[in-house]
Amino acid sequence: MKSTKKITGRVLFILSITLFIFQMGYLFLHATYKVEYIDNRLFYLFNILIIIGMAASIFILFTLPKTWKVLSSVVVAILILLQGGLIIHHGQQTTQVVSFSPGMKNQFVLKEDIGTGKAAYYRTYYRILARPKEVLPYQTKGEFKVKWLEKDIAVLTYPAADNSIHQYIGTYGARDSGISYSYVGPTIQGQWKGDGARIDSTTEGISIDHDGKIEKYNWDNVVQFGTIAIVLVHDGEAEWTIGLNENFQSHSNDPNPPAGEITLYQASLESVEPVRLTFVE
């Protein structure tokens with residue numbers, strides 16, 4: 001029994017020291033390369049785990065006088081409450097959006113400074129670390145909706161401070177082996193049909209027929225993200241996202257027509273479902 005307790009105490013001590021070293025490494029990366037946790041509150045949560053682990057290991061491995069046990073317990077409680085308060089304080093300053101793809105392979109991370117309304121998209125590394133990649137072009141108001149069209153396409157829909165609707169796409173993959181950069185519009189040239197929707201991509205632009213309502217967009221109104229998604233805008237507002245599904249094949253280097261599917265997704269804060277379309281001609 002005593003040997004089991006000692007092993008437990010030593011394991012807790014080693015884990016606490018390991019996590020402490022990891023935290024020190026994180027602080028170095030944060031100061032040097034602007035690396036952050038995908039959720040900044042993880043820093044304080046890890047601190048709490050270190051405190052609990054160290055305290056538990058000391059109580060298990062050493063026989064402390066009652067006075068020292070009481071004093072240590074009070075100190076531990078104060079430190080934990082302090083970290084908990086910092087978690088709450090940070091949550092009041094920053095809106096953090098963390099969304100995992102189906103299968104948990106990719107993470108969409110966005111952080112908004114509540115005071116300024118500036119929001120930044122983060123590129124993730126090793127699951128829990130991230131670096132800011134791009135600041136959203138419009139002042140935000142804390143309302144965000146994320147929809148994964150595929151395991152490597154995440155669509156963020158959000159209202160700007162002036163209530164206009166915008167979309168930002170996180171892309172984490174490529175199609176056709178990703179050998180070279182490709183443009184989505186020319187890649188999907190032709191006509192595509194799905195449930196109540198049709199897309200026509202021509203040399204002049206893209207037209208959308210959705211439930212009988214037709215809208216046309218020239219190439220100046222097409223914003224590309226990565227190599228697998230585009231957003232169609234009108235008067236500065238996002239209206240549609242088109243994404244290339246994982247089974248999409250452009251056949252750009254041979255005479256065959258595109259194969260597989262694409263997805264059409266409406267820019268709306270309401271609950272809307274994506275439409276999958278297949279090539280017709």
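1. A word on exposure first: a residue counts as buried under 20% relative accessible area, as exposed over 50%, and as partly exposed in between, using a 1.4 Å probe and protein chains only. Asp-211 is exposed by that rule, with a relative accessible area of 62%. Please keep in mind that this is a predicted model, where local features need pLDDT of at least 70, side-chain atom pairs count only at pLDDT 80 or more, and totals for chains, interfaces and linings use all residues. Residues are numbered from 1 along each chain as its sequence is written, and side-chain values use heavy atoms, with hydrogens and water left out.

2. Asp-211 also deserves a look for its backbone. Its phi is near 55°, a positive value in a residue other than glycine. Asp-211 sits in the loop between β11 (205-210) and β12 (213-218); strands here are DSSP runs of E with at least two residues, helices are runs of H or I with at least four, and both are numbered from the N terminus.

3. Asp-235 is another residue to check on the same grounds. Its phi is near 50°, a positive value in a residue other than glycine, and Asp-235 is exposed, with a relative accessible area of 69%. The residue belongs to the loop between β14 and β15, a hairpin with two residues between the strands.

4. The strands on either side of that turn run antiparallel and are joined by six bridges; two strands are said to pair if DSSP finds at least two bridges between them. Ile-230 faces Ile-242 of β15 across this pairing. On the other side of the sequence, β13 and β14 run antiparallel with four bridges, and Val-222 stands opposite Leu-232 in β14. Their hairpin has three residues between the strands, and Gly-226 in the turn has a positive phi of about 60°. Five of the six residues of β14 are buried, so this strand is largely enclosed by the rest of the structure.

5. The largest nonpolar core has 46 residues; such a core is a set of buried Ala, Val, Leu, Ile, Met, Phe, Trp, Tyr and Cys residues joined through side-chain atoms within 4.5 Å. Those with the most contacts inside this core are Phe-108, Leu-110, Ile-199, Ile-208, Leu-232, Ile-242 and Ile-262. Ile-208 is a good place to start looking: leaving aside residues up to four places away in sequence, its contacts (heavy atoms within 4.5 Å) include Ile-199, Leu-232, Trp-240, Ile-242 and Leu-264. Arg-198, Lys-213 and Glu-215 are also among the residues that Ile-208 touches.

6. A second, separate core has 15 residues, including Val-35, Leu-42, Tyr-44 and Ile-50. Ile-50 also touches Ser-16, as do Leu-49, Gly-53 and Met-54, not counting residues up to four places away in sequence. Ser-16 lies in helix α1 (residues 2-33) and is buried, with a relative accessible area of 4%. Ser-16 and Ser-57 are 41 residues apart in sequence, yet their C-alpha atoms are 9.0 Å apart in space.

7. Now the open sheet. Five strands make it up, in the order β1-β5-β4-β3-β2, with antiparallel pairing. β1 (36-37) and β2 (94-100) are at the edges, each with a single partner strand, so one side of each is left without a neighbour in the sheet. At one edge, β1 pairs with β5 (residues 129-135) over two bridges, and Glu-36 stands opposite Ala-130. At the other, seven bridges join β2 to β3 (residues 107-113), with Gln-96 opposite Lys-111. The hairpin of β2 and β3 has six residues between the strands, and Gly-103 there takes a positive phi near 90°.

8. One further hairpin joins β6 to β7 through two residues. Five bridges hold the antiparallel pairing of β6 (residues 145-150) and β7 (residues 153-159), and Lys-145 stands opposite Thr-157.

9. Which residues lie nearest the centre of the second largest pocket? They are Pro-137, Tyr-138, Gln-167, Val-223 and Phe-225, out of 15 lining residues. A pocket is an open set of points on a 1 Å grid over the protein atoms alone, where a 1.4 Å probe fits, with protein on both sides within 12 Å along at least five of seven lines; lining residues have an atom within 4 Å of a point. β8 gives the largest share of this lining, four residues.
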